[in-house]
Protein chains: 4
Amino acid sequence: MCRWAAYLGQPIFLEDIVSRPAHSLIRQSHGAMRCHTPVNADGFGLAWYGERPEPGLYRDVMPAWSDPNLRSLVAQVRSGLFMAHVRASTGTATSRNNCHPFTVGRWCFMHNGQFGGYDGFRRDADVQITDEFYPHRKGATDSEALFLIALGEGLEQDPKAAMERAAGRLADLAMRRGTAPYVRLTAAFSDGQRLYAIRYASDEQAPTLYHRWSASRGGRAVVSEPLETDEDDWQEVPQGSFCIFEGEGVQISPFCPVRQARAA
Amino acid sequence: MCRWAAYLGQPIFLEDIVSRPAHSLIRQSHGAMRCHTPVNADGFGLAWYGERPEPGLYRDVMPAWSDPNLRSLVAQVRSGLFMAHVRASTGTATSRNNCHPFTVGRWCFMHNGQFGGYDGFRRDADVQITDEFYPHRKGATDSEALFLIALGEGLEQDPKAAMERAAGRLADLAMRRGTAPYVRLTAAFSDGQRLYAIRYASDEQAPTLYHRWSASRGGRAVVSEPLETDEDDWQEVPQGSFCIFEGEGVQISPFCPVRQARAA
Amino acid sequence: MCRWAAYLGQPIFLEDIVSRPAHSLIRQSHGAMRCHTPVNADGFGLAWYGERPEPGLYRDVMPAWSDPNLRSLVAQVRSGLFMAHVRASTGTATSRNNCHPFTVGRWCFMHNGQFGGYDGFRRDADVQITDEFYPHRKGATDSEALFLIALGEGLEQDPKAAMERAAGRLADLAMRRGTAPYVRLTAAFSDGQRLYAIRYASDEQAPTLYHRWSASRGGRAVVSEPLETDEDDWQEVPQGSFCIFEGEGVQISPFCPVRQARAA
Amino acid sequence: MCRWAAYLGQPIFLEDIVSRPAHSLIRQSHGAMRCHTPVNADGFGLAWYGERPEPGLYRDVMPAWSDPNLRSLVAQVRSGLFMAHVRASTGTATSRNNCHPFTVGRWCFMHNGQFGGYDGFRRDADVQITDEFYPHRKGATDSEALFLIALGEGLEQDPKAAMERAAGRLADLAMRRGTAPYVRLTAAFSDGQRLYAIRYASDEQAPTLYHRWSASRGGRAVVSEPLETDEDDWQEVPQGSFCIFEGEGVQISPFCPVRQARAA
C-alpha cells in the first residue's frame, strides 16, 4: 500500500499539498492512518505540469521525509496540476524506476494497490504491453505495467475504456494465475488537462479515495487519505468509480474492468 | 533515537544478528518497541572485524529493510566481532557520513542518544576534536564528535577514562549552551579485541541496553533492545554503567562523565 | 562498453584485482584504454563466492572510484572466485538493477558489449525469458536478458550450448529488427566452481578479452583489459571463443551462437 | 577541479545552459577541455531563483549525465538567475553535502579550485566560521568553509570585501600550514539580485573564467569554460578579478585577499 495526493486548480506551490498540511503526504510517509502499512518509505515521486506539455518528474529512493531536494523543489515549484506519491513496496525492489508516478509523453500515472500474485504472472503481464510502449518499461512493478497496457489500449482516445480494458487484462491474469485479493486499485492519472482517478477492488475492499474543493485556493485535492484530520468536508469516492476532474467539475461514473474475449 | 546491535564471540554470519532473529535489527528499523521513534529509517551501517586490524565498514542512506546489498552482505560475511546500527535522525541530514558506525584505524563506534541542543553548540563541540583526529570529521553528528574527542582524550590508552572525559566535555557544553535533557547516551565501541558499551543519561532516563550470552552460539549479543521477544534471559545494564565484554567475561563499572577543569 | 575483471584461484583480497593493480578495474573506471568509452562510471558491481553456494552481490550507481563502501569491502573480503564490473551505459538507465553482475541462485554473470538496436526489440527479448526465470528480471538491460534466457536454455546442464542458444536468439532479433553491429559480446559467468568466459562478435570486432596465470598468487585473472600495463604475459583470447577456467586449466573452444529453427 | 556555469538575464529554461549547448555543462561533466580533470563526475548541483527570495537547490552524487531527475528539472524550470556545478573531488567524499552550490538564506555559492593542503588545517578553517553560520556547515569542503566564513565577514553588506577577508583567512592558513599552490579560486555567488564572480590564484595560474552576453537571449552566461566551442565572443576574465554582473552591466575590479591582522 502506498499513499498519494494530486491537485488540479489555480497554481499553488507543491508544498501546499506535499509537506505543509498537518497530515501532508510527507507526514503520511511515516504515519499513514487509513492503510495497513503506516510507513511508506520505499521511495517517492512527483510529477507536475508547468510550461511544457510533458510533466516534470522527480523520483528518488529515500524516504520522502529525509530528502532535502524534495523539500526544496516543492517550495519552489508552483503548478496547477500535479501528483505526488510515497511508496510502500509490495514486493518489487526499491529503485527509482519502480517509484511512482510513471510518465510517457504528456501522460503521468500513479497507483496504490496491487494485482494479487503478480510476481507469478509478471511475464504474461509484460507481454500485454504493446511494442510501441515497451521502451517505456523501465522497472518491474504491476503499476507501470497497468499504465503502459492502458496506453496501448488507447488511453489517449478514451481514458476510461482504455483503463477498463487494461485493468481487465491484469485482472484476468490475477484470477487465472494469481492469488486473492485479485485487484486492489486506486489510481490517478492525467494528460496535463484533466485529472482522472479510479477506485476499484475485485473484493469491494478498495483502498480509500477522497477529494475536496477549496474555494479559497481555487483548486481540488484528490488523495488516498485526507490531508487535514480536522476538516470534515472531504468527500469519499464510492468503490467501483471512475472520476474525471476538470476545472471545478467532477464527473463520477462506474468503473468496471473488461474481461477479455480470449479469456472466455 | 536509533537502534543498534553488537556481537562478540565465535564467528557467526552477520545475518544471525542483523536480519534473522524475530525482532532483528532490520525488523526494529520499522518497528522498534523500546524507544520513542519506532521507525529507524534514516540510514544504517555495519562495521565488522575480519582478517585485518581495521574493521570493514558499510553504510548507506536507504532504510535497512530495503537494501539488497545489506541483505547479501550479512548473508556472506562471518565475523567474531561486529556492530550494526539503524538510524533515526535527531536533526542532522541523512547522509552516509552521518550514519553509524564511525571508524578510525582499528576503532569503531556507534551511538544512540543525543546531547541536548547540540545544533546550538556544534562549533564548540568540533573545536574539542584535536588536530590529529579532525581529518576524520566527515559528517556533522554529535555522535561522531564524541568518538573523535574520545580518541583525542586517549581512547587507545584508557577507553573508560577517555570516554568519561569526552562525554564530560560535551555534557559541559550542553549544560552551558544547550537544552535539557543534556545527555542521553547508549554507545558501543571496539578496538577489534574487546567490545565496550556505555549506558548513561544526565537525567536517569538513559536509552535501554541489554546483553545476552548464547551458549549454543558461543557468543554474546549487546543490543539496544532484545532481538527475540520471547526470550527472558536478556540482562539489562543499569544506568550509569561502563561495560567491557571480552571472551565470555563481562565487567561493569560506574560511568561518570568528567566535568572539565576549565568549566569550573 | 564496460570493463570487467574476474578471478579464480587461491583466495585473495578482492582489492588485489579491483583496486590495487596499477591499471586496476577502478583505475579503468575513469581511464580505460582499450575501449571506446574511457569513462565507465554508470555504476559498478561485485559478485564473490564465499562460504555459501550463492555468491555475495554488491552493486551501486556511483562511479566505482568514489564509493567508500566498495573500497572497504574489497579490502576485507577474500575469495577464490569473484567478478567485478564497471559500467558505461549503452542506453538503459543507471540503476542498481541494471548494474552487473547479475545473480540467480549459484550463478552470476557479467557482460561487456551489446545487441544492436536492442531498444527496438526489447519486448521480444523479454519474451524469450521463461516463466521460471522471469521473476529474476529486475532491470531492463540486454545483458540481464541474455543471462536469464541462457538459464532457461539449460545453463546448469550445458553452459556452452545454453549460451550459444541464448546468444543466437538475441542475435536473431538483432538481425531481424535491430541495427549493425548486431552482436558484440564479451562475458564472464560462474556457478561457483568454474569460471566461464566468452569473446564473440558478429562482425569480428569483439571487445578484448585477456587472461593471465600468476604463479606467485596461485590464481588466474580474466579481464577485459590487462590490470598492469607493464606485464607482457597477458594472453589474448581469440574472437569467437568459449573459455572454461578450472583450477589451473584453461579450455578454449569455438563459440558460435545458434540460429533458432523458427528463424529459418 | 570542477566545472560550473551561471546565468543572469531574461528567464530561460535551465537546460539552455546545463544540457542543450554543444559543450554544455553536462557535456563537460565527462569531457571538460580547459582543466586537468576532464571527468567531473563526483556529484553535481543546481541553484535557481524563482518566486521566492531563497533559491531552489538540487544536488546529488551521481554523475550529472546519468541523472534523469536533473534532465527533467532543467527542462521544466525557467529562471532568470541560476547556477550549476559538476564536481571533481579534490579529496573530500562524494556526498550531497559536499556538492555545490551551497545555500544560506538568499545566498548561493559555488567554487572551482582549492586551498593547498586544506586537509591539514581543516579544523582551523572551521574555527573561522562564526557561530551564526556554523549550523550551515553540513559537509567538509574548503568551498563551503569559504562561503560560510565570507557570510560571517559581512557578505550581505559588502560582498567583495567579505570575500577578500574570507579568502585571506584561508590563504593565511594555506601559507602557514598547507602546501603550494596555496590558492586557486574561481567562484560564483549571488544574493538573488546580482551575480558575482571571482577569478584568483596565489600563483597566477587561476582556473579559467569566461562570460558572454547573448542579445538574442537577453542574458549573460558566466562559465568556467565556454559552452560552445565555435563561438569566438566569449570574454575571458583576467586573473585577480572580482566581477559584478547586474542587468546587462559588468563591473570588474581587482580582487585581492586580505591577510589578517593577527597573521602579522
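Me: What comes right after α5(A), and is its phi positive or negative?
Reply: Gly154(A) follows α5(A), and the phi of Gly154(A) is positive, near 100°. Keep in mind that this is a predicted model.

Me: Okay, and how many residues of α5(A) are buried?
Reply: Helix α5 of chain A covers residues 142-152, and 10 of its 11 residues are buried, so the helix is largely enclosed by the rest of the structure. Among the buried ones are Asp142(A), Glu144(A), Phe147(A) and Leu151(A).

Me: What covers those buried residues of α5(A)?
Reply: The cover includes the strands β5 (102-104), β6 (107-115) and β7 (183-190) of chain A. It also includes the helices α4 (122-127) and α6 (159-177) of chain A.

Me: Let's hop to chain B. How many residues of α6(B) are buried?
Reply: For α6(B) the count is 14 of 19 residues, so this helix too is largely enclosed by the rest of the structure.

Me: And what span should α6(B) have?
Reply: At 1.5 Å a residue, the 19 residues of α6(B), 159-177, should span 27 Å. The end C-alpha atoms are 27 Å apart, which agrees.

Me: New topic: where is Asp67(B), and is it buried or exposed?
Reply: Asp67(B) sits in the loop between β3 (56-60) and α3 (68-76) of chain B. Its relative accessible area is 0%, so Asp67(B) is buried.

Me: Which residues does Asp67(B) touch?
Reply: Not counting residues up to four places away in sequence, Asp67(B) touches Phe44(B), Tyr58(B), Met62(B) and Arg96(C). Its side chain has a polar contact of 2.7 Å with that of Tyr58(B). Another polar contact, of 2.5 Å, joins the side chains of Asp67(B) and Arg96(C).

Me: What about Asp67(A), which side chain does it meet in a salt bridge?
Reply: The side chain of Asp67(A) meets that of Arg96(D), with 2.5 Å from N to O. The interface of chain A and chain D has eight salt bridges by the rule used, along with 18 residue pairs in polar contact.

Me: Which elements of chain A give two or more residues to that side?
Reply: Those are β3 (56-60) and α3 (68-76) of chain A. The largest share of the side touching chain D comes from α3(A), with six residues. By class, that side of chain A has nine nonpolar, five polar and nine charged residues.

Me: How many residues are in the contact of chains A and D, then, and what area is buried?
Reply: Chain A gives 23 residues and chain D gives 23 residues. About 1,800 Å² is buried between chain A and chain D, and carbon and sulfur atoms give 37% of that area.

Me: And what area is buried between chain C and chain D?
Reply: About 730 Å² is buried there, with 68% from carbon and sulfur atoms. Val39(C), Met62(C) and Trp65(C) supply 42% of the area that chain C buries against chain D, more than any other three residues. The side of chain C that touches chain D divides into six nonpolar, two polar and one charged residue.

Me: How many salt bridges cross between chain C and chain D?
Reply: The rule finds zero salt bridges across that interface, but two residue pairs are in polar contact there.

Me: How many salt bridges are there in the whole structure?
Reply: A search over all chains finds 76. One of them joins Arg184(B) and Asp203(B), with the closest N and O atoms 2.7 Å apart. That pair links distant parts of the chain, 19 residues apart: Arg184(B) is in strand β7 and Asp203(B) is in the loop between β8 and β9 of chain B.

Me: Are those two buried or exposed?
Reply: Arg184(B) counts as buried at 14% relative accessibility, while Asp203(B) counts as partly exposed at 28%.

Me: Last one, where is Gln205(C), and which residues is it in contact with?
Reply: Gln205(C) is in the loop between β8 (195-201) and β9 (210-214) of chain C. At 52% relative accessibility, Gln205(C) counts as exposed. Leaving aside neighbours within four places in sequence, Gln205(C) is in contact with Arg184(C) and Gln239(C). Gln205(C) and Gln239(C) are 34 residues apart in sequence, with their C-alpha atoms 7.9 Å apart in space.

How values were computed:
Residues are numbered from 1 along each chain as its sequence is written. Chains are lettered from A and ligands numbered from 1 in the order in which they are written. This is a predicted model: local features need pLDDT of at least 70, side-chain atom pairs count only at pLDDT 80 or more; totals for chains, interfaces and linings use all residues. Side-chain values use heavy atoms; hydrogens and water are left out. Helices (H or I, at least four residues) and strands (E, at least two) are DSSP runs, numbered from the N terminus. Buried means under 20% relative accessible area, exposed over 50%, partly exposed in between (1.4 Å probe, protein chains only). A polar contact is a pair of N or O atoms within 3.5 Å; within protein, one must be able to donate a hydrogen and the other to accept it, and residues adjacent in sequence count only if both atoms are side-chain atoms. Contact means heavy atoms within 4.5 Å. Buried area is the accessible area (1.4 Å probe) that two parts lose on being put together, summed over both. A salt bridge is a side-chain nitrogen of Lys or Arg within 4 Å of a carboxyl oxygen of Asp or Glu. Ala, Val, Leu, Ile, Met, Phe, Trp, Tyr, Cys and Pro count as nonpolar, Asp, Glu, Lys and Arg as charged, and the others, Gly among them, as polar. The expected span of a helix is 1.5 Å times one less than its number of residues.
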